[in-house]
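Reader: I would like a close look at one loop residue and its surroundings. Please take me through that part, then through the neighbouring elements and the core. Keep it brisk.

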Amino acid sequence: MTVRTSPTEGPGVSDHDGPASLALRGMADELRSRGIDAWEDGVCGIVHAGPIAQGRRAVLRPHRGDLWWWMRWSLQEGTAAVLPGVPLSPASRTSDAARRIMGVMSAAEGG
C-alpha cells in the first residue's frame with residue numbers, strides 16, 4: 001500500500017485494487033448496511049458519510065505506525081475551531097469505526 005500526499009486533503013491512498021481500496025469499499029458498504037448514505041473516493045482515501053452538507057468523512061490515514069480510520073468533518077461557520085478529526089480504529093477494524101461514526105451522527109442529530 002502506498003500513502004501519498006494530496007495538496008487539498010493531506011496524505012491519501014494510491015492503490016486502486018489493493019488493501020486500501022478494499023478497506024474504502026468495505027467502510028462504504030458497512031455504513032450503508034447501517035442505513036447511512038456513503039460513497040468512497042479512492043483518490044484521496046475518503047468515505048463520505050451522510051448528507052454532503054454536513055461534511056462527515058471516514059478517512060484512511062497513517063497513525064501510530066499503521067493505517068487507521070479517522071473521522072473528519074468540515075468546520076461550520078460560527079463554530080469554534082477544533083481538531084478537524086479524530087482517529088477511530090485501525091483500518092482492519094472497519095466495523096468498530098463504523099459503530100463510532102454512527103454514535104457521532106446519532107449524538108449530532110439528538111443534540
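Author: Arg64 is exposed, because its relative accessible area is 71%, over the 50% mark. This is a predicted model. Arg64 sits in the loop between β5 and β6. Its backbone is worth a look. Arg64 has a positive phi of about 55 degrees, although it is not a glycine. Most residues other than glycine have a negative phi.

Step back from the loop into strand β5. This strand covers residues 56-63. Arg61 has its place there. Is Arg61 buried or exposed? Arg61 is buried, because its relative accessible area is 2%, under the 20% cut-off. What does the side chain of Arg61 meet? One of its polar atoms lies 3.0 Å from the backbone oxygen of Cys44. So much for the two arginines: Arg64 is exposed, whereas Arg61 is buried.

Now go forward from the loop into strand β6, residues 66-73. Trp69 has its place in this strand. Trp69 counts as buried because its relative accessibility is 0%. Its side chain also has a polar partner. A polar atom of that side chain lies 3.4 Å from the backbone oxygen of Ala91.

Trp69 also leads to Ser89. The two are 20 residues apart in sequence, yet their C-alpha atoms are 5.5 Å apart in space. Ser89 lies in strand β7, residues 85-90. Ser89 is buried too, with a relative accessible area of 1%. A polar atom of the Ser89 side chain lies 3.0 Å from the backbone oxygen of Arg93. Which residues does Ser89 touch, leaving out those up to four places away in sequence? They are Trp68, Trp69, Asp96 and Ala97.

One more arginine deserves a mention. Arg72 lies over the face of Trp70, at 5.4 Å from the ring centre. Aromatic pairs are another matter: the structure holds zero of them.

Next, the core. In soluble globular proteins, nonpolar side chains tend to be buried together. Here the largest nonpolar core has 21 residues. Those with the most contacts inside it are Met27, Leu31, Val47, Leu60, Trp69 and Ile101. Which elements each supply at least two residues of this core? They are α1 (19-33), β4 (46-49), β5, β6 and α2 (94-110). The largest share, six residues, comes from α1. There is also a second, separate core of five residues. It includes Cys44, Ile46, Trp68 and Trp70. Cys44 has come up before: its backbone oxygen lies 3.0 Å from a polar atom of the Arg61 side chain.

Strand β4 also holds His48. His48 is buried, because its relative accessible area of 17% is under the 20% cut-off. Not counting residues up to four places away in sequence, His48 touches Asp37, Ala38, Trp39, Asp41, Arg56 and Arg57. His48 and Met27 are 21 residues apart along the chain, and their C-alpha atoms are separated by 9.8 Å.

Helix α1 has an exposed residue as well. Leu22 is found in this helix. Leu22 is exposed, with a relative accessible area of 52%. The C-alpha atoms of Leu22 and Gly42 are separated by 9.6 Å, and the two residues are 20 apart along the chain.

Now set this in the whole chain. There are two helices and seven strands. From the N terminus on, the elements run β-β-α-β-β-β-β-β-α. Buried residues make up 41% of the 111 residues. Take the contacts in the chain with a separation of 6 or more: residues 24 or more positions apart account for 30% of them.

Last, how far to trust the model. The mean pLDDT of the chain is 76, and 72% of its residues reach 70 or more. Confidence is highest in α1, at 89. Confidence is lowest in strand β1 (residues 3-6), at a mean of 38. Over residues 1-12, pLDDT stays under 50. The model has 32 contacts beyond four places in sequence for that stretch. Where pLDDT is low, the predicted coordinates should not be read in detail.

Terms used
Residues are numbered from 1 along each chain as its sequence is written. This is a predicted model: local features need pLDDT of at least 70, side-chain atom pairs count only at pLDDT 80 or more; totals for chains, interfaces and linings use all residues. Side-chain values use heavy atoms; hydrogens and water are left out. Helices (H or I, at least four residues) and strands (E, at least two) are DSSP runs, numbered from the N terminus. Buried means under 20% relative accessible area, exposed over 50%, partly exposed in between (1.4 Å probe, protein chains only). A polar contact is a pair of N or O atoms within 3.5 Å; within protein, one must be able to donate a hydrogen and the other to accept it, and residues adjacent in sequence count only if both atoms are side-chain atoms. A nonpolar core is a set of buried Ala, Val, Leu, Ile, Met, Phe, Trp, Tyr and Cys residues joined through side-chain atoms within 4.5 Å. pLDDT is the predictor's confidence in each residue, from 0 to 100. Contact means heavy atoms within 4.5 Å. Rings of Phe, Tyr and Trp (its six-membered ring) pair if their centres lie within 6.5 Å; planes under 30 degrees apart count as stacked, over 60 as edge-to-face and the rest as tilted. A charge sits over a ring if NZ of Lys or CZ of Arg is within 6 Å of the ring centre and within 35 degrees of the ring normal.
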